[in-house]
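Biologist: I should like to learn how to read an interface between two chains and the nonpolar packing around it. Where should one begin?

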Amino acid sequence: MTHPDPKAPAPITDPRDRAPGRVVLDAAGIERATTRIAHEILERDPDADDLVLVAIVRGGEPVAKLVGAKLAELCGHPVPTGALDITLYRDDLRTISPHPIVHSTELPFDVEGRVLVLVDDVLYTGRTVRAALGAIMDYGRPRAIQLAVLVDRGHRELPIRADYVGKNVPTAQRENVTVFLREEDGEDSIQIDEMEPEEP
Amino acid sequence: MSFRRKHLLGLEGLSREEILEVLDTARSFRQVLDRPIKRVPSLQGATAVNLFFEPSTRTRVSFELAEKRLSADLVNFSSVGSSVSKGETLRDTVRNIEAMRVELVVIRHSASGAPHFLARHIDGHVVNAGDGAHEHPTQALLDLYTIREEMAQLAGLKVAIVGDIAHSRVARSNLWGLKAVGAEVTLCGPTTLMPVEIERIGARVCHRLEEGLEGADIVMVLRLQLERMQGGFVPSLREYAATWGITRSRLALCAPDVRILHPGPINRGVEIANDLADGPESLILDQVTNGVAVRMAVLYLIRSGTADGGVAIEASGEGQSA
C-alpha cells in the first residue's frame with residue numbers, strides 16, 4: 001500500500017507496475033520484525049487476557065494477520081482481531097475531492113476495558129492514527145490503546161508515536177514507501193521509490 | 001470512484017456505477033446506525049438547510065437524522081408562516097439562506113424543477129427531496145438499497161409498481177433507478193392513474209393487477225394520494241381497495257420469495273391489506289431505517305462533488321456525464 005506525500009495528488013500508476021525500488025525490508029526481515037513486535041506486545045502485557053488487535057483498513061490488515069498469528073503461537077490462544085475503516089474520520093474530508101471510498105469496519109468484540117493495539121503498515125504524518133483514535137473512542141473506552149507499525153518513515157505532523165515499530169526508515173517526502181505482502185502481492189518486501197515529479 | 005455530482009436532482013441519467021456507489025457507501029453508514037455512538041464527524045462544520053415547501057414529517061426527519069449523524073449543523077425551514085407566505089420568491093428565500101453560509105440545501109417543493117432552478121442560482125449543493133410529480137431520488141435509492149440487501153442482486157429482478165403512478169414521483173425515480181441497474185419494471189394501475197405513453201421510458205404497463213403481479217420478485221405499493229386527487233380518478237376508496245388492494249391471495253401470484261415495499265405513509269386496508277403491511281414479506285420498516293443511511297451516503301458524496309451535470313433542464317433525457 002502506498003503512502004505518498006499527503007500534500008501532492010496521488011500518483012495514478014499502480015506502484016506494482018513500476019520498476020522495483022530500493023528494498024528496505026525483505027521477506028526474512030518482515031518475518032523477524034513481526035515476530036519481534038509480537039514478543040514486545042506480550043512483554044508489556046504478559047497475560048494477554050484483554051488484548052485485542054485492530055487493523056487499520058486496508059494497509060494494516062495483512063500486518064495484523066501476521067502479528068496475530070505470532071501472538072497466538074506465543075501465548076497459546078487466539079487474539080481477537082478486528083478491522084477499522086477510518087475514512088469517515090479523516091481530517092481532510094473538506095478539502096479532498098472526490099471523497100475516498102468508504103470500506104467496512106468489523107469489530108467483533110466490545111472495546112470497553114481492553115488493551116487495544118492498533119496495527120498499520122506505515123506510520124507517516126500520524127493523521128491516520130489520529131482518525132483511528134477518534135473512531136475507537138466512538139465505540140467505547142479501552143483500558144489502553146497502543147500502536148504497532150511495520151515501518152515508521154518519519155515526517156510526523158501530529159504528536160503521535162508508535163509503541164512497536166518493525167523498522168525505522170528515514171525517507172524524503174517525495175519518496176513512496178510501498179509494502180508488498182504475500183497475501184495480496186505474492187511476495188513480502190518493503191520498497192522505497194521516488195514519485196514522478198509533478199507537472200508545475 | 002464514479003459519483004462526482006455536486007447535486008442529486010433525480011435518478012434520470014445516473015449510471016449504474018453511480019447508483020451502486022451510493023448503495024455501497026450507504027452500507028458503511030448503515031453500520032454506523034448500529035453502534036452505541038451513532039455519529040461520524042464526516043460533515044463536521046457543514047451546515048444544511050431542510051427547505052420543505054410541502055408538508056412532510058418522515059422525509060424531513062430522515063434527512064435531519066442523516067445530517068446530525070454526520071455531525072453537520074442543520075436548520076429546518078417550512079413554508080407555513082414564513083417569509084414565503086409574505087410573498088418572497090423561492091430564489092430570494094434561498095439567497096438569504098445562502099448568505100448565512102449554508103452549503104447543503106435539501107428541498108421539497110410542489111413545482112417540478114424547483115431543485116434544478118435552485119442549483120442554477122446558488123453556490124451550494126442541492127438534494128431533491130421531492131419536486132412535484134417529477135422525482136424523489138433519495139426514496140428510490142433507499143428502495144434500491146433495501147431490495148439489494150434483501151435479494152443480494154438487482155439485475156434481472158421483476159419489480160411491479162402498483163397504484164397511482166400518475167401522481168407519483170417515487171414511481172418515476174424508481175423507474176429510472178431500476179432500469180439503470182438492470183431490473184425489469186412493470187407499472188400497474190387504473191388507466192385514470194397511469195401517465196400516457198409512460199411505457200416509452202422503458203416499463204411494461206398493465207391495467208390488471210393480477211397480470212402485473214404474476215411472477216414479481218418485488219411489489220412496490222404506492223399510496224393513494226387522496227390529498228392530490230380532485231378529479232374523480234377512482235369511484236371510491238372501497239372500489240379501489242377491492243380492485244387494486246394487495247392482499248395475501250393476490251400476493252400468491254408473485255414469486256415465492258416476494259417482498260413488499262411501500263414509501264409510506266400507509267393507507268391500511270386501501271392499497272395494502274393489514275396483515276401484509278406487518279407480515280414477514282414486508283420491508284417497509286427496513287426502508288425507513290435504511291433511508292437514514294442512504295441519505296447520509298448522498299450528503300457525504302455530493303459534499304465533495306463538482307460535476308454540475310443535470311442542472312440545465314434542457315439537457316435532461318440525454319446521458320449526463322459524471
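Modeller: One may begin with a definition: a salt bridge is a side-chain nitrogen of Lys or Arg within 4 Å of a carboxyl oxygen of Asp or Glu. The model shown here is predicted.

Biologist: How many salt bridges does the rule find across the interface of chain A and chain B?

Modeller: The rule finds 0 salt bridges there. It does find 6 residue pairs in polar contact across the interface of chain A and chain B, both residues being at pLDDT 80 or more. By class, the side of chain A that touches chain B has 10 nonpolar, 6 polar and 2 charged residues.

Biologist: What area is buried between chain A and chain B?

Modeller: About 1700 Å² is buried, and carbon and sulfur atoms give 54% of that area. On the chain A side, the residues that lose the most area to chain B are Leu88(A), His99(A) and Asp138(A), which together account for 37% of what that side buries. The contact takes 18 residues from chain A and 20 residues from chain B.

Biologist: How should one read a nonpolar core?

Modeller: In soluble globular proteins, nonpolar side chains tend to be buried together. Here the largest nonpolar core has 89 residues, and those touching the most other members are Leu84(A), Leu118(A), Phe29(B), Ile161(B) and Leu187(B). Helix H11 of chain B, residues 284–303, gives the most to this core, with 10 residues.

Biologist: Which residues is Phe29(B) in contact with, leaving aside its neighbours within four places in sequence?

Modeller: Phe29(B) is in contact with Leu88(A) and, in chain B, with Val40(B), Leu70(B), Ala293(B), Met296(B), Ala297(B) and Tyr300(B). Apart from the largest core lies another, of 30 residues, including Val24(A), Ala38(A), Val63(A) and Val117(A).

How values were computed:
Residues numbered from 1 in each chain as written. Chains lettered and ligands numbered in written order. Predicted model: local features only at pLDDT ≥ 70, side-chain atom pairs only at ≥ 80, totals over all residues. Heavy atoms only, no water. Contact = heavy atoms within 4.5 Å. Buried area = accessible area lost by both parts, 1.4 Å probe. Polar contact = N/O pair within 3.5 Å; in protein donor to acceptor, adjacent residues only side chain to side chain. Nonpolar A, V, L, I, M, F, W, Y, C, P; charged D, E, K, R; others polar. Core = buried A, V, L, I, M, F, W, Y, C linked by side-chain atoms within 4.5 Å. Buried < 20%, exposed > 50% of the residue type's maximum accessible area, 1.4 Å probe, protein only. Helix = DSSP H or I, 4+ residues; strand = E, 2+ residues; numbered from the N terminus.
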